[in-house]
Amino acid sequence: MALAVLELFCGLGGWRYAAAGRGRVVAAWDVDEAARATYEANHGERPRARELATVPVEEIAGLGADTWVLSPPCQPFCRMGNRHGLADRRSRAFVRLMAVFDAAPPDHLVLENVEGFLGSDAHDLLRERLRRHGLGWREERLCPTRFGIPNRRPRAWIVASRRPLAARTPPAIEPEPLARFLDETEDRSLELDPALLGRHLPGLDLVAADDRRSACFIAGYGQRLVGSGSFLRTARGVRRFSPAEVARLLGLPGSFRFPPGLSLERRYRLLGNSLSIPVARWVLDELGG
Ligand SMILES: C[S@@+](CC[C@H](N)C(=O)[O-])C[C@H]1O[C@@H](n2cnc3c(N)ncnc32)[C@H](O)[C@@H]1O
C-alpha cells in the first residue's frame, strides 16, 4: 500500500524519513523559517509556510492525499506547560485541522505527541472525529529505549485507519551504549565552563560514554541546563551532546544536515521538536500493507 502523505507541522521532516519506502509526501507545512530551510536542505522540497490555523479546506482536500501525519505543538499538553489543551492559542491549528478533517477526512492518520495529549480535550476531539468518519485506531505510549536506543523520549502515538490495523507487540531491545552515538572528534566548544558547571551540578543529568541511557533532549537544550537533556562526562570535564549526536539518537540518517549559518540554539530547537524515527517507522508499519 503506497501512502500519499500530508506532513502537517513538518519541522525538519522527521515523519518524511520515517515514511520513506511507504509512499510519498505530497505536501508539508511549517510556519518556522529555520524548519523549512532545514527540511529543504534534506528533502529537496520547501514546505508551505501557511499558518495551519487558517488553512482552507481546499488547500488540503485538493491534494489527493490519503494519509495525514502530524506532531502538533506539544506545549498545551506538556508536564512543564500550562496544560490548557484546546484553550491554548497554540492549539488553534489543531482545532482548524479537525474542522478540515470533518470536511475531507483522510483514510489514515498518525499522530505523535507528549504523553499528556492522552486524556486531553484535544484527544477527545480527535477520537470524536475518527469515530464519526469510520476510522478505527490504536493508541500507544512508546519510548525509543525499547528500540535499542539509549535515549528517553516517551511519547503518545495514535494510528488510525479505515482498514484493520496490524496488532503488534512493541520490541524490547536493550539499549546500546552511548559511545556508538558519539562524534569521533570532541568539539571543545561544547564543554561547560567550570564555574557554570559548579553552580548547576546538583541538577544536571550526567552520563558517561559507556552508559546505556540519556534524558530526553528538549527544544531548549541549547539554552537551559537543568531538565533539558543529558550532559556527557569526558576526560576533560562535562560537555553538551553535539547536534549530530542528538540527531543520531533520534535515528536521523548520517546524511542529515542543517543549512549553513543556523545557530546552535536553532539546531537544538529543531532536534528537540522532532521525533524518534525508528519509533515513527514502527508505528507507520501498523498501517500494514
Ligand atoms: C512538535 S514540532 C513537529 C516536528 C516534526 N515532527 C519534526 O520531525 O521535526 C511542531 C512544528 O509545528 C510548527 N508549527 C507550530 N504551529 C504551527 C502552525 N500554526 N502552522 C504551521 N506550523 C506550525 C512549528 O514551527 C514546529 O516546527
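**View 1. Here is the neighbourhood of the ligand.** In this predicted model, 22 residues surround the ligand, and the closest are Phe9, Gly11, Gly14, Asp32 and Ala93. What kinds of residues make up the shell around the ligand? Count them by type and you get 13 nonpolar, 6 polar and 3 charged residues.

**View 2. Now take in the whole protein.** The protein has 9 helices and 9 strands. Its radius of gyration is 19 Å, close to the 19 Å that the globule rule gives for 289 residues, so the protein is as compact as a globular protein of that length. If you boxed up the C-alpha atoms along the principal axes, the box would be roughly 60 × 40 × 35 Å.

**View 3. This one shows the sheet of 6 strands.** The sheet is open, its strands come in the order 2-1-3-4-6-5, and the pairing is mixed. Which strands stand at the edges? They are strand 2 (23–28) and strand 5 (136–142); each has a single partner strand, so one side of each is left without a neighbour in the sheet. On average, neighbouring strands here are turned by 20° against each other, ignoring direction. A quick reminder for reading any sheet: strands pair through backbone hydrogen bonds, either parallel or antiparallel.

**View 4. Zoom in on strands 1 and 2, then look at what packs on their sheet.** Strand 1 (residues 3–8) and strand 2 run parallel, joined by 5 bridges. To find your way along the pair, look for Leu6, which stands opposite Ala27 in strand 2. Which helix packs on the sheet? That would be helix 9, which touches strand 4 (108–113), strand 5 and strand 6 (155–161). The direction of helix 9 makes about 150° with that of strand 4.

**View 5. Next up is the sheet of 3 strands.** This open sheet has the order 7-8-9, again with mixed pairing. Its edge strands are strand 7 and strand 9, and each of them pairs on one side only. Neighbouring strands in this sheet are turned by 40° against each other on average, direction ignored.

**View 6. A closer look at strand 8 shows how it pairs with strand 7 and strand 9.** Strand 7 (residues 205–207) pairs with strand 8 (residues 230–233) in the parallel sense, over 3 bridges. You can follow this pairing residue by residue: Asp205 has Ser230 in strand 8 as its bridge partner, and Leu206 has Phe231. How do strand 8 and strand 9 run, parallel or antiparallel? Strand 8 and strand 9 (residues 238–240) run antiparallel, with 3 bridges joining them. Here, the bridge partner of Leu232 is Arg239 in strand 9. A hairpin leads from strand 8 to strand 9 through 4 residues.

**View 7. Finally, see where the two domains meet.** According to the domain assignment, domain 1 covers 3–172 + 275–285, while domain 2 covers 178–256 + 266–270. Taken over C-alpha atoms, the centres of domain 1 and domain 2 are 27 Å apart. The contact takes 15 residues from domain 1 and 15 residues from domain 2. Which elements give two or more residues to the side of domain 1 that touches domain 2? They are helix 2 (33–43) and helix 9 (277–285). Helix 2 gives the most to this side, with 4 residues. You've already met helix 9, packing on the sheet in View 4. By type, the residues on the side of domain 1 that touches domain 2 split into 8 nonpolar, 5 polar and 2 charged.

Terms used. Residues are numbered from 1 along each chain as its sequence is written. This is a predicted model: local features need pLDDT of at least 70, side-chain atom pairs count only at pLDDT 80 or more; totals for chains, interfaces and linings use all residues. Two strands pair if DSSP finds at least two bridges between them. Domain bounds come from an automatic or database domain assignment. Two residues are in contact if their C-beta atoms, placed from the backbone, lie within 7 Å. Ala, Val, Leu, Ile, Met, Phe, Trp, Tyr, Cys and Pro count as nonpolar, Asp, Glu, Lys and Arg as charged, and the others, Gly among them, as polar. A residue is near a molecule or strand if its C-beta atom, placed from the backbone, lies within 6 Å of it. Axes are lines fitted to C-alpha atoms, for helices over the stretch in contact, and angles run from 0 to 180 degrees between N-to-C directions. The radius of gyration is taken over C-alpha atoms; the globule rule is 2.2 Å times the number of residues to the power 0.38.
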